[in-house]
Amino acid sequence: VYDTNIAVENANWNKNELVKFEAQILQSKVPHNVYINVRNANSYSFSNLYLFVTIISPNGNSVRDTFECRLADDRGKWFGSGIGDLYSYQVPYKQNIFFPDTGIYTFTYEQAMRVDDLSGITDIGLRVETVN
């Protein structure tokens, strides 16, 4: 249904920078899975990524979550698949959900890692798929 990644400028995500996605949902009676796509450099200093995720429906209603993306195990081994020093991972965010309306849903992400400038996240994305 929707799969887009946005590059983080200079792999340095400021806490005030919103990343915005607009996904068109065509079916409200079909379950969907929603994933957060993360690509990080090997130099990323944390084993997780906290995000503030806001979803705004076509009628203007909004929901805001704090969500943790676990990127590495307790020993520091990255979960994602790697090419060179970059690792990509699709983190399940919402599973088998029904969108109440059809139309454009806006998803915004803010990094919530308690640092002003978060270094090492190179891309962030959104994937929405229908459940078969």
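Begin by selecting strand 4 (32-41) together with strand 11 (residues 121-130) in this predicted model; the two strands pair in the antiparallel sense, over nine bridges. To see one of these pairings in detail, pick asparagine 37, whose bridge partner in strand 11 is glycine 125.

Keep strand 11 selected and add strand 1 (residues 2-7), which runs antiparallel to strand 11 and is joined to it by six bridges. Here the residue to pick is isoleucine 6, which has isoleucine 124 as its bridge partner in strand 11. If you now display the surroundings of strand 11, you will find that seven of its 10 residues are buried, so the strand is largely enclosed by the rest of the structure.

Next, go to glutamine 27, in the loop that lies between strand 3 (19-25) and strand 4. Glutamine 27 is partly exposed, with a relative accessible area of 40%, and, apart from neighbours within four places in sequence, it is in contact with His32, Thr102 and Thr130. For a sense of distance, select asparagine 48 as well: it stands 21 residues from glutamine 27 along the chain, and the C-alpha atoms of the two are separated by 33 Å.

Finish at asparagine 14, in strand 2 (residues 12-14). Is asparagine 14 buried or exposed? With a relative accessible area of 19%, asparagine 14 counts as buried, because the cut-off for that class is under 20%. Show its side chain with that of aspartate 117, and you will see the two joined by a polar contact of 2.9 Å. Once neighbours within four places in sequence are set aside, the contacts of asparagine 14 are Gln111, Asp116 and Asp117.

How values were computed. Residues numbered from 1 in each chain as written. Predicted model: local features only at pLDDT ≥ 70, side-chain atom pairs only at ≥ 80, totals over all residues. Heavy atoms only, no water. Helix = DSSP H or I, 4+ residues; strand = E, 2+ residues; numbered from the N terminus. Buried < 20%, exposed > 50% of the residue type's maximum accessible area, 1.4 Å probe, protein only. Polar contact = N/O pair within 3.5 Å; in protein donor to acceptor, adjacent residues only side chain to side chain. Contact = heavy atoms within 4.5 Å. Pairing = 2+ DSSP bridges.
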